[in-house]
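Look at the fold below and follow the chain with your eye. This short report covers a sheet, a helix and a pocket.

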Amino acid sequence: MAVKIFNEFKENLKKGLPVALATIIEGPGQGAKLLLLPDGSYLGSLGNEKIDNVLSRDMAGELAAGRTSIRHYGIEGEAREETLSIFIESFAPPPQMVIFGAVDFTAALVRIAKVLGYKVIVCDARPVFATKARFPQADSVENEWPDQLMEKLGTSLGPRDAVCVLTHDNKFDVPAITSALQTQVGYIGVMGSRKTHENRTERLIEAGVTTKEFERVMSPIGLDLGARTPEETAISICAEIIAMRTGRKAPHLKTIEGAIHGDR
């Protein structure tokens, strides 16, 4: 079984698919392994069906968050017991950042996102602007309407991923936002002034976006760092993504009144 586990583990890593491996490092059955596969099934056993079921669920949560951790359980997976210490290793593909809009800020955001390890996709329906020559560091540049691309990517987007809408045109913004809201993506940020945001909000309400869904949309995009240049703005956006993922409190432009740029 150990050979089968490692062969399956190796094959999934080669394909860039997400897997998690649990190993008992202290307690009865030390060294036993459980491999969580991309489809949610698992190979191996940590001793009995009950703990295997509990661990497979916990491993799925760790994998979705891209975390590696040590967790403690009872013999049958009981919480708040420490009979077993289990090391859960997550092997997840790089998080994705989808950027809608081939604008000046996009190139800066691509560069910062790549430094942070994102797979970056730039999308704009206007082929004259969305070219690989303008965004050489992007992993892909797509000439599609936002909802068309999101239909392809939707099931692959999860809590570690981000959608950034940098256009200022409702015919692009509205389908980008509404389609992103249909996914499990962890961050949806939208650029624009407060006036632009108010107008966009009216269009989104007309499109059926609910009050609960608006809570997911960070607009104006970014933390209140006083950013002015495209590069500073890109850092502001990525800082907001990090703060939301880690649960840290930071001043979001969404929750602050007054001018976005300059003194208040």
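How many bridges join strand 1 to strand 2, and do the two run parallel or antiparallel? Four bridges join them, and the strands run antiparallel. Strand 1 covers residues 19-26, and strand 2 covers residues 33-36. One pair to find is Ala-22 and its bridge partner in strand 2, Leu-34. Keep in mind that this is a predicted model.

**The sheet**

Strands of a sheet pair through backbone hydrogen bonds, either parallel or antiparallel. Here, five strands form an open sheet with antiparallel pairing. Their order is 3-2-1-5-4. Strand 3 (42-44) and strand 4 (69-73) stand at the edges. Each has a single partner strand, so one side of each is left without a neighbour in the sheet. From one strand to the next, the twist averages 25 degrees.

**The helix on the sheet**

Now find helix 1, residues 2-14. Helix 1 lies across strand 1, strand 2, strand 3 and strand 5 (84-91). Its angle to strand 2 is about 30 degrees.

**The pocket**

The largest pocket has a volume of about 560 Å³. Its lining is made up of 25 residues. Pro-18, Pro-93, Thr-155, Ser-156 and Arg-160 lie nearest the centre. Helix 2 (residues 49-65) gives the most to this lining, with three residues. The table sorts the lining by class.

| Class in the lining of the largest pocket | Count |
|---|---|
| Nonpolar | 14 residues |
| Polar | seven residues |
| Charged | four residues |

Methods: Residues numbered from 1 in each chain as written. Predicted model: local features only at pLDDT ≥ 70, side-chain atom pairs only at ≥ 80, totals over all residues. Heavy atoms only, no water. Pairing = 2+ DSSP bridges. Axes fitted to C-alpha atoms, helices over the stretch in contact; angles between N-to-C directions. Contact = heavy atoms within 4.5 Å. 1 Å grid on protein atoms, 1.4 Å probe; cavity = no way out; pocket = protein on both sides within 12 Å on 5 of 7 lines; lining within 4 Å. Points joined across faces, edges and corners; volume = space filled by probe spheres on them. Nonpolar A, V, L, I, M, F, W, Y, C, P; charged D, E, K, R; others polar.
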